[in-house]
Amino acid sequence: MSVLFILIIVSLTVAASFLVAFIWSVKNGQYEDGYTPSVRMLFDDELKQESKKHQIKNKSIK
Amino acid sequence: MSVQIKNTTVCFHCGEDCLDEAILFDNKHFCCSGCKTVFEILNQNNLCDYYDIEKMPGISPPKNAIKKYEYLDNEQIFEKLIDFKDEDQALVTLFLPQIHCSSCIWLLENLYKLNPHIVSSRVNFLKKEIKIAFNYSDLSLRKLVELLTSIGYEPEITFSNVSNNKKHSIDRSLIFKLGIAGFCFGNIMLISLPDYFGLDNLKDNDFSQFFGYINILLSLPVLLYSASDYLKSAWQAMFRKSINIDVPIALGIIALFARSVYEIISNTGSGYLDSLAGLIFFMLLGKIFQQKTYAILSFERDYKSYFPISTTLIDADGNEKSVSVSEVKVGDIILIRNNEIIPVDALLVEGCAQIDNSFVTGESVAVHKNVGEKIYAGGKQMGQAIQLEVIKELSQSYLTQLWNDEAFIKQQHHQFEGITNAMSKYFTIVILIIAFSSAFFWWQTSIKIAIHAFTSVLIIACPCALALSAPFTFGNVLRVLGKNKFYLKNASVIENLTKISTIVFDKTGTITQASKSTITFHGDMLLKEQIDMIYTLLRQSSHPLSKLIFSSIKDAELLTLIAFKEVPGKGIEGSFNHHKVAVGSELFIKEKQDLNPTSTTVFIKIDDKVLGYFQLENSYRNNLKEVLKQLSKKFKLHLISGDNDSEKKNLMTYFGSNAQFSFNQRPEDKLNYIKKLQNNNEKVAMIGDGLNDAGALKQSNVGVSISENINTFSPACDAILDASAFDKIPLFLKYCKGSMRIIEVSFIISFLYNIVGLSFAVQGLLSPVVAAILMPLSSITVVVFVTLATNILYRKKINK
């Protein structure tokens with residue numbers, strides 16, 4: 001059972017690393033703007049699809 | 001000049017109707033050359049995806065923006081505007097009120113394609129801000145701002161950007177405190193789990209000791225960091241010999257910690273550290289929940305965020321020079337262009353002034369001023385450029401000297417004591433009496449039980465449920481009101497609103513609609529053809545009055561206009577096939593003045609015959625009568641206005657006979673009026689709108705600023721009300737009152753829990769499991785109750 005001592009310390013260390021990650025992300029301003037990133041992440045894909053559509057249209061015209 | 005009108009095409013860039021002959025470029029229609037230019041710029045740089053993300057996303061760029069930004073070349077102003085710079089890069093944050101769609105985000109984040117010296121740009125959509133990193137040695141800030149302006153995004157740079165030096169840093173400590181409390185709470189719970197289930201076979205002595213010490217270790221950051229606000233506040237209260245809600249909380253926290261540490265070290269029990277961490281976690285959660293903020297709204301704006309940084313000075317040789325507004329001195333000649341704000345009190349020297357005072361007084365119709373007349377700071381010039389001679393410096397002007405009043409210098413001194421703190425005074429005393437008497441009772445039997453009972457009482461009585469009910473109720477109320485377009489600065493405004501006895505209204509812009517005027521025609525009946533001619537003529541003019549009357553004429557057709565002439569400040573003339581039409585001021589049309597010049601009139605003359613005039617009057621808000629009738633049942637109503645009393649009779653029918661009216665009030669008079677009411681022990685709510693109400697809004701117990709568009713400037717206040725929700729004011733007040741009732745009921749619930757808990761505690765029977773169940777249970781009950789109750793109340797009161 002004495003392995004529990006080590007396991008608990010290990011699990012606490014893992015949990016603490018998440019806490020550090022959380023604090024870092026708050027400090028970094030990741031929670032500042034909850035809206036813009038949701039729009040931003042859609043840009044590339046959407047535009048590529050647009051251009052693909054154009055290409056397909058162009059091909060079909062040809 | 002013949003003008004052909006096409007009414008059907010829509011601008012490819014901005015989506016406005018192309019009223020004049022549309023500009024055809026690249027097979028696309030544009031409403032003006034500005035829009036076309038933006039399209040050209042984007043097209044050349046392969047940025048036309050802008051038009052694919054949203055349809056017609058563009059903003060028509062302002063027409064005369066080129067000369068305005070000279071001041072940005074000034075080294076000092078540059079230093080103050082930028083956030084950060086190193087050898088070659090600078091970072092600047094600009095407010096772009098035009099940001100409105102995802103196309104905007106896309107374009108603004110691809111700025112680097114437009115100019116290679118822009119390193120990167122990031123948009124914050126909700127705040128309508130952009131952060132730009134750029135090489136300032138190659139691209140000056142002025143060039144950058146001009147670039148943004150040229151594509152339709154004109155940054156709003158005001159005096160406040162440079163006047164307060166401290167860059168506002170956001171206080172994130174509460175989030176850290178919550179995060180750490182949550183982390184420790186979870187882990188302590190996990191480690192305490194064997195205890196809860198009574199797994200005695202696991203309870204090797206080594207283990208329980210080890211777990212105990214880890215729990216102490218984990219609870220230290222909670223006690224020392226997360227709970228520090230409560231301990232500090234309680235200490236300060238004791239120091240001032242007063243009691244607030246934090247005193248019993250701090251007592252509870254200290255009792256919990258001390259008792260737990262004692263039990264663990266003496267190996268007599270496992271302590272209550274899980275309850276301690278949970279308690280603090282939930283209380284911090286309530287604190288955060290109560291802090292509802294609105295990204296775009298600011299409740300702290302003063303005149304500095306309204307006035308521009310710089311103005312154009314004309315020196316003795318007639319050269320134009322851009323100078324900071326604070327450097328303008330008495331006697332200087334300044335130049336104000338179209339749509340610029342007049343920063344100082346001044347005399348009109350040259351040009352034709354049409355002053356739009358809508359931000360200052362709420363008056364929607366522009367005022368005409370003649371050469372030699374005094375123009376107060378704050379108005380906006382509409383039309384051609386004018387020259388002014390400064391008669392007072394910025395800080396001394398009619399409007400801004402209001403901010404020198406003590407109401408702005410002193411901190412808010414008339415805050416009411418919160419309901420929670422009022423309650424906790426009695427609560428704390430009762431708890432201490434119970435704790436000491438139970439200790440005294442057990443003292444004869446056993447000192448150990450006496451201490452046990454004493455700490456148990458303090459622990460169980462720790463008013464976490466009490467401390468939670470107000471934050472969660474208020475947090476919910478803030479959200480509900482925000483959803484209904486009534487934005488409160490913070491939770492204490494809710495309590496203040498419930499204590500109001502008097503409501504003071506401003507007139508113009510508050511009970512009248514700033515954006516809408518009633519236009520009535522006085523004179524002969526107009527024939528269809530005559531209306532059409534007036535309609536056509538008005539469309540040619542960019543004067544605000546022309547635009548207002550134009551938009552009010554319905555069912556008219558545009559005719560072919562042969563000649564057109566605009567006499568600035570006076571009126572417009574035009575000829576049609578058989579008729580000559582003139583529209584303008586009374587003096588211009590009749591060459592004499594008969595009517596009272598206080599009302600705004602526009603006269604019509606067709607073929608040398610004066611047919612009559614349009615009269616423009618502010619129209620009252622919808623449902624004004626109903627709103628005032630409901631309010632007058634419970635509150636004393638007052639009206640203060642900067643205008644004369646010509647409307648008094650009409651207003652009497654709205655306000656009823658008990659209301660009091662004051663007219664011709666200057667901004668300071670309004671402030672003093674509120675002060676006088678408060679000296680008579682009235683709790684005053686002021687409902688106003690413009691900068692001239694700023695003093696009264698600040699002085700009043702609750703200052704509510706009404707705004708047609710909440711994104712634009714509104715003066716410092718406690719609450720901002722979107723004008724469209726004006727008719728809900730009585731409901732909002734009732735809702736706030738109801739929410740206080742909810743808090744009272746939730747207090748009763750938490751007292752009931754306390755009685756159950758205390759009955760264990762005084763007998764010295766409190767065990768960690770009972771504490772671990774009872775304390776969170778009471779907290780959760782209270783939170784669930786207030787959340788449900790506020791929502792039910794919302795459905796009943798507002799959302800019928």
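Q: How many residues does each chain bring to the contact in this model?
A: The contact draws 27 residues from chain B and 24 residues from chain A, and since the model is a predicted one, the values discussed here are computed from its atoms. Between them, chain B and chain A bury about 2,400 Å², and 76% of that area falls on carbon and sulfur atoms.

Q: Which charged and polar pairs cross the interface of chain B and chain A?
A: The general idea is that side chains of opposite charge can pair when their charged atoms come close. Across the interface of chain B and chain A one salt bridge is found: the side chains of A:Arg40 and B:Glu109 meet with an N to O distance of 2.7 Å. Four residue pairs in polar contact are also found across this interface, with both residues of each pair at pLDDT 80 or more.

Q: Which elements of chain B give two or more residues to the side that touches chain A, and how do the residues of that side divide by character?
A: The elements that give two or more residues to this side are α2 (50-53), α4 (102-109), β5 (118-124), α7 (173-196) and α8 (205-226) of chain B. By character, the residues of the side of chain B that touches chain A divide into 17 nonpolar, four polar and six charged.

Q: Is α4(B) mostly covered or mostly open?
A: Helix α4(B) is mostly covered, for eight of its eight residues are buried. These buried residues are B:Ser102, B:Ser103, B:Cys104, B:Ile105, B:Trp106, B:Leu107, B:Leu108 and B:Glu109, and B:Glu109 is also the residue whose side chain meets that of A:Arg40 in the salt bridge across the interface.

Q: How should one read a salt bridge that lies within a single helix, such as that of B:Arg142 and B:Glu146?
A: An α-helix has 3.6 residues a turn, so residues three or four places apart point the same way. In this structure B:Arg142 and B:Glu146 are four residues apart in helix α5 (residues 141-150) of chain B, and are therefore separated by about one helical turn; their side chains meet in a salt bridge of 3.0 Å, N to O. B:Arg142 is partly exposed, with a relative accessible area of 22%, whereas B:Glu146 is buried, at 18%.

Q: Which parts of chain B does the pair of B:Arg621 and B:Glu708 tie together?
A: The closest N and O atoms of the salt bridge between B:Arg621 and B:Glu708 are 3.2 Å apart. B:Arg621 lies in the loop between β23 (609-620) and α21 (624-634) of chain B, and B:Glu708 in the loop between β27 (702-707) and β28 (719-722) of chain B, so the pair ties together parts that are 87 residues apart in sequence. B:Arg621 counts as buried, at 6% relative accessibility, while B:Glu708 counts as partly exposed, at 36%.

Q: Where do the two partners of the salt bridge between B:Lys636 and B:Glu682 lie?
A: The side chains of B:Lys636 and B:Glu682 meet at 2.5 Å, N to O. Because B:Lys636 lies in strand β24 of chain B and B:Glu682 in the loop between α23 (667-679) and β26 (684-688) of chain B, the pair ties together parts that are 46 residues apart in sequence. B:Lys636 is partly exposed, with a relative accessible area of 46%, and B:Glu682 counts as buried, at 13%. Elsewhere, salt bridges that share partners join B:Asp73, B:Arg142 and B:Glu146 into one network, and a search of the whole structure finds 16 salt bridges over all chains.

Q: Which residues of the largest nonpolar core touch the most other members?
A: This core has 116 residues, of which B:Ile503, B:Phe505 and B:Phe655 touch the most other members. Its largest share, 12 residues, comes from helix α25 (residues 729-762) of chain B. If neighbours within four places in sequence are left aside, the contacts of B:Phe505 include B:Leu628, B:Leu639, B:Phe655, B:Met686 and B:Phe726. Apart from this core lies another, of 52 residues, among them B:Cys11, B:Ile77, B:Leu96 and B:Leu147.

Q: How many helices and strands does chain B contain, and what part of chain B is buried?
A: Chain B contains 26 helices and 28 strands, and buried residues make up 52% of its 800 residues. Among contacts in chain B between residues at least 6 apart in sequence, 68% join residues at least 24 apart.

Conventions
Residues are numbered from 1 along each chain as its sequence is written. Chains are lettered from A and ligands numbered from 1 in the order in which they are written. This is a predicted model: local features need pLDDT of at least 70, side-chain atom pairs count only at pLDDT 80 or more; totals for chains, interfaces and linings use all residues. Side-chain values use heavy atoms; hydrogens and water are left out. Contact means heavy atoms within 4.5 Å. Buried area is the accessible area (1.4 Å probe) that two parts lose on being put together, summed over both. A salt bridge is a side-chain nitrogen of Lys or Arg within 4 Å of a carboxyl oxygen of Asp or Glu. A polar contact is a pair of N or O atoms within 3.5 Å; within protein, one must be able to donate a hydrogen and the other to accept it, and residues adjacent in sequence count only if both atoms are side-chain atoms. Ala, Val, Leu, Ile, Met, Phe, Trp, Tyr, Cys and Pro count as nonpolar, Asp, Glu, Lys and Arg as charged, and the others, Gly among them, as polar. Buried means under 20% relative accessible area, exposed over 50%, partly exposed in between (1.4 Å probe, protein chains only). A nonpolar core is a set of buried Ala, Val, Leu, Ile, Met, Phe, Trp, Tyr and Cys residues joined through side-chain atoms within 4.5 Å.
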